[in-house]
Amino acid sequence: MPRTPVDLIIHNAKQLVTASGFTQRPATGREMGQLNILEDGAVAISNGQIVAVSKSRDILDSYDASEKIDAGGEVVTPGLIDAHTHFVFAGSRETELELKIQGVKYLEILEKGGGILRTVRDTRAASKGDLLASCRKRANNLLKHGTTTIEAKSGYGLELATEIKSLEVINSLNEEGPLSLVPTFLGAHAIPAEFDGKVNEYVELICEDWIPRIQQLRLAPFCDVFCEKGVFEIEESKRILLTGKRHGLMPRIHADELYPLGGAELAAEVGAASADHLLYASETGIEKMKQAAVVATLLPAAPLTLMLDRYADARKFISTGVPVALGSDLSPSCLLENYQLVIALACYEMKMTPAEALIAATINAAHSIRRADQIGSIETGKKADIAIFQVPDYRFLGYQLGTNMVDTVVKNGKVVVRDGRLK
Ligand SMILES: [Zn+2]
């Protein structure tokens with residue numbers, strides 16, 4: 001029998017973590033521990049897509065490729081998906097680390113014109129070319145650490161021109177590749193200095209002017225809001241999210257991060273794709289999220305870098321049947337480019353098992369950004385976005401801290417990282 005020619009074969013994987021079976025709906029409850037691992041597994045790839053997944057022997061008997069990757073002794077997983085990043089920003093905020101150490105609270109730093117407001121000044125001042133260049137470098141760093149798709153928010157403009165500039169940078173980088181970026185409009189990230197004390201006027205502007213413009217320019221499929229006490233409270237958040245929805249932007253929400261405000265309930269009410277953070281989500285809110293099939297995108301690096309003692313109650317979300325996804329919360333206050341560390345934090349700080357954390361960082365993260373039809377698992381018909389880790393067991397992704405364990409990254413069927421280095 002002649003073998004079918006394909007572009008690329010990955011074979012001999014000690015563990016091929018497929019995360020299969022959850023394309024139609026995310027994994028919940030006990031399913032979150034089901035990685036569907038194939039030992040001595042292989043994948044055949046053609047035209048950027050996965051065409052077959054089976055034991056190495058079967059694949060090598062049925063397919064032939066000019067390029068073969070021997071993943072001997074290694075672990076192969078779907079490319080990691082980061083479902084929450086504040087990816088586009090200029091400057092950095094290393095000086096705030098010392099304030100945090102002295103115990104100055106996040107909202108206090110914000111009130112003094114630091115935090116987000118400082119990054120807003122830097123991002124407004126940056127040219128589009130400079131922003132693109134710094135973000136390209138960041139995108140490559142993410143890729144080197146096994147991340148193949150991210151959700152990327154605007155939100156350091158807080159004025160229309162810079163919000164548009166930020167979303168254009170995200171869209172340009174996505175077109176350029178190899179990292180895939182899914183843009184979210186987050187004009188309601190903070191109240192800009194020029195609207196101090198005039199939150200209603202700012203909300204009005206976002207709803208009446210900015211959202212229709214973002215939709216007209218087709219810059220983002222999602223609209224997000226930083227729903228928090230003293231920032232955008234429930235009624236304001238609701239208005240923004242429902243206005244976005246009317247204009248075809250799917251809602252997602254920063255909910256109950258620092259204070260129990262009812263963000264989880266609001267996420268369910270507006271039919272959000274995802275509610276994120278959720279450290280203070282109420283029991284009712286969690287139940288409502290389950291009923292409304294809202295994904296809980298948990299971000300354990302956020303409380304770590306905010307130096308909080310509290311983490312989201314991942315076990316409660318899982319036992320209630322809410323699908324849990326992960327995100328890095330990459331931002332100037334959480335400068336984290338190695339997503340493997342988020343998987344480890346999910347285990348050590350939120351008591352997720354390594355299997356649950358991997359499901360949350362792949363197929364459930366794909367659901368959080370509504371891309372599960374294309375990515376998030378190693379299954380026939382999906383995009384060939386694959387990470388190969390130099391570890392003998394998938395549990396190392398939860399267990400080992402801070403090291404980049406990536407050997408190879410395949411994006412859209414092409415090898416983009418080899419021996420941990422960009423090609
Ligand atoms: Zn965020």
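Here are some exercises on this predicted model, each with a worked solution.

Residues are numbered from 1 along each chain as its sequence is written. Because the model is predicted, local features need pLDDT of at least 70, side-chain atom pairs count only at pLDDT 80 or more, and totals for chains, interfaces and linings use all residues, while side-chain values use heavy atoms, with hydrogens and water left out.

**Exercise 1. Find the protein donors of the zinc ion and work out how they are spaced in sequence.**

Step 1. Look for donors, meaning N, O and S atoms within 2.8 Å of the metal (3.2 Å for Na, K and Ca); water is not among the atoms, so sites may look incomplete.

Step 2. You should land on the NE2 atoms of His84, His86 and His254, which lie 2.0 to 2.1 Å from the zinc ion.

Step 3. Written as a pattern, the spacing of these donor residues is H-x1-H-x167-H. His86 and His254 link distant parts of the chain, 168 residues apart. His86 sits in the loop between strand 6 (80-82) and helix 2 (96-101), and His254 belongs to strand 10 (residues 250-255). Helices (H or I, at least four residues) and strands (E, at least two) are DSSP runs, numbered from the N terminus.

Step 4. Now check burial: buried means under 20% relative accessible area, exposed over 50%, and partly exposed in between (1.4 Å probe, protein chains only). His86 is buried because its relative accessibility is 3%, and His254 is buried too, at 2%.

**Exercise 2. Work out the strand order of the eight-stranded open sheet, and name its edge strands.**

Step 1. Use the pairing rule: two strands pair if DSSP finds at least two bridges between them.

Step 2. Following the pairs gives the order 6-7-8-9-10-11-12-13, with parallel pairing.

Step 3. Strand 6 and strand 13 (324-326) each pair on one side only, which puts them at the edges. From one strand to the next, the twist averages 25°. Axes here are lines fitted to C-alpha atoms, for helices over the stretch in contact, and angles run from 0 to 180 degrees between N-to-C directions.

Step 4. Try one edge in detail. Strand 12 (residues 295-298) meets strand 13 through three bridges in the parallel sense, and Thr297 has Ala325 in strand 13 as its bridge partner.

Step 5. Add a helix: helix 7 lies across strand 8 (180-188) and strand 9, at about 150° to strand 8.

**Exercise 3. Trace the neighbours of strand 5 through Val76.**

Step 1. Strand 5 (residues 75-78) pairs in the parallel sense with strand 1 (residues 4-17) over two bridges. Here Leu16 stands opposite Val76.

Step 2. Strand 5 also runs antiparallel to strand 14 (residues 386-389), joined by four bridges. In that pairing, Val76 stands opposite Ile388.

**Exercise 4. Compare three salt bridges: which partners are buried, and which are partly exposed or exposed?**

Step 1. Count a salt bridge when a side-chain nitrogen of Lys or Arg is within 4 Å of a carboxyl oxygen of Asp or Glu. The structure holds 19.

Step 2. Take Lys153 and Asp224, at 2.7 Å from N to O. Lys153 lies in strand 7 (residues 147-153) and Asp224 in strand 9 (residues 222-226), so the bridge ties together parts 71 residues apart in sequence. Both residues are buried. They also belong to a salt-bridge network with Glu151 and Arg252.

Step 3. Next comes Lys128 with Glu168, whose closest N and O atoms are 3.1 Å apart. This pair connects helix 5 (residues 128-144) to helix 6 (residues 160-176). Lys128 is partly exposed at 35%, and so is Glu168 at 28%.

Step 4. Finish with Arg239 and Glu208, at 3.4 Å. Arg239 is in helix 8 (residues 234-246) and Glu208 in helix 7, 31 residues apart. Arg239 is partly exposed at 31%, whereas Glu208 is exposed at 53%.

**Exercise 5. Describe the nonpolar cores.**

Step 1. Group the buried Ala, Val, Leu, Ile, Met, Phe, Trp, Tyr and Cys residues that are joined through side-chain atoms within 4.5 Å.

Step 2. The largest core has 127 residues, and Phe87 and Leu326 have the most contacts inside it. Helix 7 (residues 199-216) supplies the largest share, eight residues.

Step 3. A separate core has 16 residues, including Leu16, Val43, Ile69 and Val410.

Conventions
Contact = heavy atoms within 4.5 Å.
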